[in-house]
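Colleague: Could you walk me through a few packing details of this chain? I would enjoy hearing the reasoning behind each one.

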Amino acid sequence: MYRVVGCFTSLVLLLAVVLTAVGNDAHAAEFGEAPMLADMVANGKLPPAGERLPRTPMIVTPNDKLGQYGGTWLMAQNAERDHALLIRTIGYEPLLRWTPQWTDTVPNVALSMQANSDATEFVFRLRPGMHWSDGAPFTADDIAFWYEDILLNPAFENATPEWLTAGGNPVHVEKIDETTIAFRFNTPYGLFPTFLARPEGVEPVSYPAHFLKPLLPKYNKDADAKAQELGFKGWKDRFVSVFGTPGTIDDPGRWLNPNVPTLNAWVLTGVYGKDDPLVAVRNPFYWKIDPGGRQLPYIDRVSFDLVNSKDEAGDAAIAGKVNMQERHIGRRADEILAANDNLQSFTLIESDMNILTLSLNLNDRDPVLRDIFQNKEFRIALSHAIDRDSIIGRFVPGALPHQAAPRPESPLYHTVLARQFITYDPVLAASHLANAGLTHKDDEGFLLRPDGKRLSFTIDTEGASRFEMLSAVVDYWRDIGLDVTPRDLSRDVFVNMRDNNNHHASAWGGDGGLDAMVIPINYLPVSSESSWYATGWAEWYTNPTNPDAIAPPAEVIRQLALYNQLKATADAEKQNKLMRDILDISANQFYVMGIALPPNRKGLVAKNFKNVPKVIPAAWSYATPAPTNPSQYYLESQ
């Protein structure tokens with residue numbers, strides 16, 4: 001078992017209840033199963049449970065008590081780019097998973113993991129006799145296929161994500177035997193098990209070789225001709241249409257083909273974004289059991305009611321179309337509880353470090369704007385121009401003003417990064433603008449750029465409530481002479497603009513409050529997908545030869561080198577020291593500004609919906625609520 005990095009220690013102190021414990025090494029001679037599956041066995045449509053389960057199933061101890069079979073888990077899902085809800089509820093089955101308390105990683109798909117002394121080799125033993133959802137065997141061959149035919153396939157040039165590299169070199173994966181697979185790195189990578197437990201860690205076990213091989217020319221000489229016959233340009237386009245984009249789980253295409261076998265507890269029967277409701281049914285080959293030897297999940301099906309906004313998600317909850325959910329409904333939780341007495345709340349321990357982060361694109365395509373944005377005096381001016389107390393009073397009464405920095409509960413809390421440039425002082429803001437060389441204004445009172453044009457730019461976000469808060473911020477910036485236009489974009493448009501570096505500025509949430517090491521995207525430019533203040537620098541970090549890569553300044557390069565050192569060590573004390581050094585540079589660079597610390601939130605659960613912990617960590621890197629083992633949730637008969 002790998003101990004999680006030290007930044008999660010404080011979270012344990014916040015959890016007031018004992019959450020689910022998980023065991024891995026027991027086996028029952030006889031297995032129970034859901035009535036719907038028993039009927040299929042009796043009718044000859046399924047093999048008996050003992051033949052469907054691996055020889056060593058994973059045993060999940062229920063949070064409260066052994067459950068009942070049956071029922072439907074009801075949720076509301078945004079019809080546009082909300083595949084994160086699927087990942088967080090039915091799509092989290094990596095080799096290693098978080099414990100419910102977010103304190104350790106434990107084997108999941110893997111039966112065990114053995115790391116060598118210098119953290120360059122990680123050997124996983126898989127569960128013998130495990131199956132994909134269509135009944136085909138799941139073995140080390142599937143992981144070897146992912147490595148050899150996806151990661152190493154030149155047609156999928158971006159299939160190796162940054163977290164699968166160490167020292168700038170990608171992972172090497174070797175099949176030892178049918179149930180043993182080794183991950184090797186050229187340099188020590190002590191943080192690898194931690195990254196593997198993140199939602200992205202499902203990638204190595206998401207490629208069913210028996211299903212996908214016929215799509216590749218290596219295994220099917222007619223693959224290209226067949227693809228063209230079906231209307232595709234070639235085999236690659238057909239592969240992406242069938243499976244989604246290789247290399248990233250942040251792709252709705254992964255959820256558009258219900259025929260792709262999975263290891264998940266529930267399997268989709270429809271197409272995300274098209275079918276309403278979108279329904280997933282129990283996987284008859286799911287490989288987990290409860291302590292009584294009964295195959296999980298307890299709940300028969302999961303149903304996602306498609307909505308167009310968070311407000312509509314709240315309306316769905318009021319109308320009884322939600323019986324357990326935390327995503328989308330937090331802002332209206334009290335209103336929903338007052339209107340629907342069948343629901344009660346559970347607490348989400350907030351891990352985000354800010355309700356609204358604001359970042360300028362330091363790699364802006366406009367060279368004049370780029371020079372202005374890279375001037376730290378300009379960024380300081382924008383921060384001092386914001387009346388945070390007023391915004392807090394209007395949107396989150398009682399919250400603490402806070403910059404984009406780890407939360408006070410974290411051992412990585414950095415006073416300077418959290419509190420610098422936070423006072424509202426328009427006169428001081430004007431002084432910093434002058435220091436940046438911005439003193440001339442046009443007839444309407446707006447500042448002029450050095451080239452004589454009006455200093456204008458857009459700042460984008462997604463979502464009505466976030467846009468409302470952003471608009472309040474922009475009003476303060478306009479007061480000091482900046483012609484800034486806030487925009488509420490669709491999620492797809494927002495992401496696409498940043499993928500192509502076609503943005504001026506961004507407003508978003510604040511990952512990295514308690515998990516600063518695991519998601520450091522706001523503290524140094526490590527992710528071109530998320531470090532929107534410098535996507536070109538992030539591309540350089542991932543691959544300096546990428547045409548979109550932009551070489552960062554020396555201080556940023558030093559910061560990135562420190563993060564490589566951090567990833568290499570498994571020593572928590574060394575990790576913390578290196579991360580503090582990284583945060584020192586972050587404070588000096590001041591990439592991103594923030595507004596306030598977000599308070600803890602509420603999730604909603606029906607009174608007959610059982611085994612949901614009363615307290616759950618809230619974070620993308622934790623994949624809330626997936627590590628609490630949704631397969632052990634159940635609906636109590638009324």
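Modeller: Happily, and please keep in mind that this is a predicted model. A good place to begin is helix 19, where W537, W540 and Y541 meet V556, I557, L560, Y563, N564 and K567 of helix 20.

Colleague: How many nonpolar residues does the contact of helix 19 with helix 20 have?

Modeller: Sorted by class, the contact has one charged residue and one polar residue. The nonpolar residues in the contact of helix 19 with helix 20 number seven.

Colleague: Are helix 19 and helix 20 parallel, perpendicular or oblique to each other?

Modeller: Two packed helices are described by the angle between their axes and the distance between the axes. Here the axes of helix 19 (residues 535–542) and helix 20 (residues 554–568) come within 11 Å and cross at roughly 45°. The crossing is right-handed. Roughly parallel would need an angle under 35 degrees and roughly perpendicular one of 65 to 115, so helix 19 and helix 20 are oblique.

Colleague: Now the open sheet of four strands: which strands stand at its edges?

Modeller: The pairing in this sheet is antiparallel, and the order is 7-8-12-11. A strand at the edge has a single partner strand, so one side of it is left without a neighbour in the sheet. That describes strand 7 (110–115) and strand 11 (172–177).

Colleague: Which residue is the bridge partner of K175 in strand 12?

Modeller: Strand 11 and strand 12 (residues 180–184) run antiparallel and are joined by five bridges. In strand 12, K175 has as its bridge partner I181.

Colleague: At about what angle to strand 11 does helix 5 run?

Modeller: Helix 5 (residues 140–151) lies across strand 8 (121–126), strand 12 and strand 11. Its angle to strand 11 is about 155°.

Colleague: Further along, which residue of strand 24 stands opposite M324?

Modeller: Strand 17 (residues 324–325) runs antiparallel to strand 24 (residues 601–606), with two bridges between them. Strand 18 (residues 343–350) is also antiparallel to strand 24, through six bridges, and Q344 has V605 as its bridge partner there. M324 likewise stands opposite V605.

Colleague: Last one: are the rings of W73 and W266 stacked or edge-to-face?

Modeller: The whole structure holds 32 aromatic pairs. In this one, the ring centres of W73 and W266 are 6.0 Å apart and the planes stand at 70°, so the pair is edge-to-face. The pair links distant parts of the chain, with W73 in strand 4 (residues 72–78) and W266 in strand 13 (residues 266–268), 193 residues apart. To name the geometry once more, W73 and W266 are edge-to-face.

Methods:
Residues numbered from 1 in each chain as written. Predicted model: local features only at pLDDT ≥ 70, side-chain atom pairs only at ≥ 80, totals over all residues. Heavy atoms only, no water. Pairing = 2+ DSSP bridges. Contact = heavy atoms within 4.5 Å. Axes fitted to C-alpha atoms, helices over the stretch in contact; angles between N-to-C directions. Parallel < 35°, antiparallel > 145°, perpendicular 65-115°, else oblique. Left-handed = near helix turned anticlockwise from the far one by under 90°. Nonpolar A, V, L, I, M, F, W, Y, C, P; charged D, E, K, R; others polar. Phe/Tyr/Trp six-rings, centres within 6.5 Å; stacked < 30°, edge-to-face > 60°.
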